[in-house]
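Me: I'd like a close look at a single part of this protein rather than a quick tour. Please start from one residue and then work outward to its surroundings.

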Amino acid sequence: MSDTKEPGVLEGFKTFLTRGNVVDLAVAVVIGAAFTNIVNSVVKGVINPLVGAIGTKNLDSYSSCLKGPCEKAADGTVTSGVMILWGSVLGATLSFVITAAVVYFLMVLPMSKYLARVQARRKEKEGAQEVLEVTELEVLKEIRDALVAQRAADGDGGGARE
């Protein structure tokens, strides 16, 4: 029997929760939910009116009848025929493209540029440090060579002085 005690279920759960990935994921979900409201507002307030200038403000009203005659009830449900509601697909696609564009241009691209600058500074700093270390090594070698040459000139032949 060993003296080591296996961690309990609650201890494991606590470790799982305090791991950085779980907290990051929770923050991302909350920010994503809030961001969805912003995108939906942009679609309702900007995109739909722009589309409305061409046709109707509500993309959901765009549809095609595949097998007719197609009839809709007052609540929007199809009562007869086979109707393809391609307007709602178009609206969802526009919403996705807008979300992806905003995330890319306002979050991913600036962060990528920032990280590239930080990496370039780090490499520049490391390069300068290597040059400094190499320069110090070269100076020490020159000093050594000068001392060896001085000893040889004194007739010591590189041996110890008396």
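**A residue on the third helix**

Reply: Val-103 lies in helix α3, where helices are DSSP runs of H or I with at least four residues, strands are E runs of at least two, and both are numbered from the N terminus. Before we go on, this is a predicted model, in which local features need pLDDT of at least 70 and side-chain atom pairs count only at pLDDT 80 or more, while totals for chains, interfaces and linings use all residues. Residues are numbered from 1 along each chain as its sequence is written, and side-chain values use heavy atoms, with hydrogens and water left out.

Is Val-103 buried or exposed? Val-103 counts as partly exposed, because its relative accessibility is 27% (buried is under 20%, exposed over 50%, partly exposed in between, with a 1.4 Å probe and protein chains only). Setting aside residues up to four places away in sequence, Val-103 touches Phe-35 and Val-108, where a contact means heavy atoms within 4.5 Å. Phe-35 sits 68 residues away from Val-103 along the chain, yet their C-alpha atoms are separated by 9.4 Å.

Phe-35 leads us to the largest nonpolar core, which it forms with Val-39, Val-43, Ile-47 and Ile-98, five residues in all. Such a core is a set of buried Ala, Val, Leu, Ile, Met, Phe, Trp, Tyr and Cys residues joined through side-chain atoms within 4.5 Å. Helix α2 (residues 20-54) gives the largest share of this core, four residues. Within the core, Ile-98 has contacts with Val-39, Val-43 and Ile-47, and it also contacts Val-42, leaving aside neighbours within four places in sequence. As general background, nonpolar side chains tend to be buried together in soluble globular proteins.

Now a step back to the chain as a whole. There are three helices and two strands, in the order α-α-β-β-α along the sequence. Of the 162 residues, 7% are buried. Among contacts between residues at least 6 apart in sequence, 31% join residues at least 24 apart.

The two strands, β1 (residues 64-72) and β2, pair in the antiparallel sense over five bridges; pairing requires that DSSP finds at least two bridges between two strands. Five residues lie between them in the hairpin, and Gly-76 in the turn has a positive phi of about 100°. Val-82 in β2 is the bridge partner of Lys-67, and Val-82 is partly exposed at 38% relative accessibility.

Val-82 also joins Leu-66, Ile-84, Trp-86 and Leu-90 in a nonpolar surface patch with about 440 Å² of accessible area together. Patch members have over 30% relative accessible area and no salt bridge; like charges are joined within 9 Å, and nonpolar side chains (Val, Leu, Ile, Met, Phe, Trp, Tyr) within 5 Å. Areas come from the Shrake-Rupley method with a 1.4 Å probe; for residues, only the protein chains shown count as cover. This patch brings us back to α3 (86-153), which, like β2 (78-84), gives two or more residues to it.

Finally, Arg-144 and Asp-145 meet in a salt bridge (3.1 Å, N to O), a term for a side-chain nitrogen of Lys or Arg within 4 Å of a carboxyl oxygen of Asp or Glu. Arg-144 is partly exposed at 48% relative accessible area, and Asp-145 is partly exposed at 41%.
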